[in-house]
Amino acid sequence: MQLEGPSVTDTAAESATASFRSDMTVELVKHSAADSDVLWAARVSTAGEQSLDELTKDPERSKGLINYLMRDRHGSPFEHNSMTFFISAPILVFREFMRHRVGWSYNEESGRYRELQPVFYIPNESRKLVQEGRPGKYRFVEGTQAQQELTGKVMEDAYVHAYEAYQEMLGAGVAREVARSVLPVGLYSSMYATCNARSLMHFLGLRTRHEQAAVPSFPQREIEMVGELMEAEWARLMPLTHAAFNANGRVAP
C-alpha cells in the first residue's frame, strides 16, 4: 500500500541519478492475526483447555468480550498474534518509529553493508509547512506557493550535493560506513517491522490523529502516513478488535 499518491521521480537535469518521492509504502508480508486469537487467549483463564474451542468459532458471536477486554484494559489477550510489515520511508520516520520498543522487532537496511540509493523525500502540497505557536500549543498551517517551491528546490539541491559527496568518498575508497555520514535524514530507507495488535495500538494511539481518540496526539505527518497504512492492513485482519479500539477512545489496553 502507499499513501499520498504515486512516487515522484521527475528530477532536475543536474540531479543525475537522484529521484524524489512524497509517498510512504507499507506491505504486509506475513501475519498470524485474527480476532479469534483474542478470544482463546482470554478464555483460557476461565475455561482452561476448553478455550481451544474458540479456534474454530465465529468471533463475531463474541465481539462483546473483545469490547469488554478493550474497555477494561485487559491487554495481554491482544498480544497472541503477529504482523510483519515491509516499510519504505525516509530515515527521519524510522528514527521516530524505533522509539517504540515494547512488542516490536526491527531490521533495517544498512549503510555499512550496501551502497545506499539516491531516493529522497520532498513533501508534496498536502504537507503543511508552517508551524505556529509555542511548543505544546502549536499547530501547522499550509505554506504559501513560494514556500512550497523554495522547500522543494532547497531540499533537492541539498540532497544532490550530499549524494555527490557520498559518491566522491566511495570512489576514493572510503568505507561505506564512513561515507554515509554525509547523507541526510530525508534519504529513503526500508525495514521489516514486526508487532502484535497491542503494540500496534499503542503506536497508533501516539502516531495518528483520529476523531475518536480520547487522548489527542500530535504526530509528525510523515510517520502518521505510515501509521495510517499499517492500520488499514490491521483493520482488515482483525476488524472486531479494530472497531473496539476505536469505540474505546483508541487507547491501547
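This briefing walks through the overall build of one protein chain, a pair of crossing helices, the largest pocket and the helix called α8. Keep in mind that you're looking at a predicted model. The chain has 253 residues, and 42% of them count as buried. If you trace it from end to end, you'll pass through eight helices and nine strands.

**The chain as a whole**

- Picture a box laid along the principal axes: the C-alpha atoms fill one of roughly 65 × 45 × 30 Å.
- Take the contacts between residues at least 6 apart in sequence, and you'll find that 73% of them join residues at least 24 apart.

**Where α1 meets α2**

- When two helices pack, people describe the pair by the angle between their axes and the distance between those axes.
- Here, helix α1 covers residues 35–47 and helix α2 covers residues 63–71; their axes come within 10 Å and cross at roughly 75°.
- An angle from 65 to 115 degrees counts as roughly perpendicular, and α1 and α2 are therefore roughly perpendicular to each other.
- On the α1 side, the contact is made by Asp35, Val38, Leu39, Ala42 and Arg43, while α2 brings Leu65, Ile66 and Leu69.
- Sort the residues of this contact by class and you get six nonpolar, two charged and no polar ones.

**The largest pocket**

- How do you find empty space in a structure? Rolling a probe the size of a water molecule over the atoms shows where it is left.
- The largest pocket holds about 520 Å³ of space.
- It's lined by 24 residues, and Phe140, Arg209, Pro219, Gln220 and Arg221 are the closest to its centre.
- Three elements, β8 (139–141), α6 (197–207) and α7 (221–237), each give two or more residues to the lining of the largest pocket.
- Which element gives the most to this lining? That's α7, with three residues.
- What classes do the lining residues of the largest pocket fall into? There are 10 charged, eight nonpolar and six polar residues.

**Helix α8 and what follows**

- Helix α8 spans residues 239–247, and its buried residues are Leu240, Thr241, His242, Ala244, Phe245 and Asn246.
- Which helices do these buried residues pack against? The partners are α1, α2, α6 and α7, so you've already met them: α1 and α2 are the crossing pair, and α6 and α7 help line the largest pocket.
- Just after α8 comes Gly249, which takes a positive phi of about 85°.

Methods:
Residues numbered from 1 in each chain as written. Predicted model: local features only at pLDDT ≥ 70, side-chain atom pairs only at ≥ 80, totals over all residues. Heavy atoms only, no water. Axes fitted to C-alpha atoms, helices over the stretch in contact; angles between N-to-C directions. Helix = DSSP H or I, 4+ residues; strand = E, 2+ residues; numbered from the N terminus. Parallel < 35°, antiparallel > 145°, perpendicular 65-115°, else oblique. Contact = heavy atoms within 4.5 Å. Nonpolar A, V, L, I, M, F, W, Y, C, P; charged D, E, K, R; others polar. 1 Å grid on protein atoms, 1.4 Å probe; cavity = no way out; pocket = protein on both sides within 12 Å on 5 of 7 lines; lining within 4 Å. Points joined across faces, edges and corners; volume = space filled by probe spheres on them. Buried < 20%, exposed > 50% of the residue type's maximum accessible area, 1.4 Å probe, protein only.
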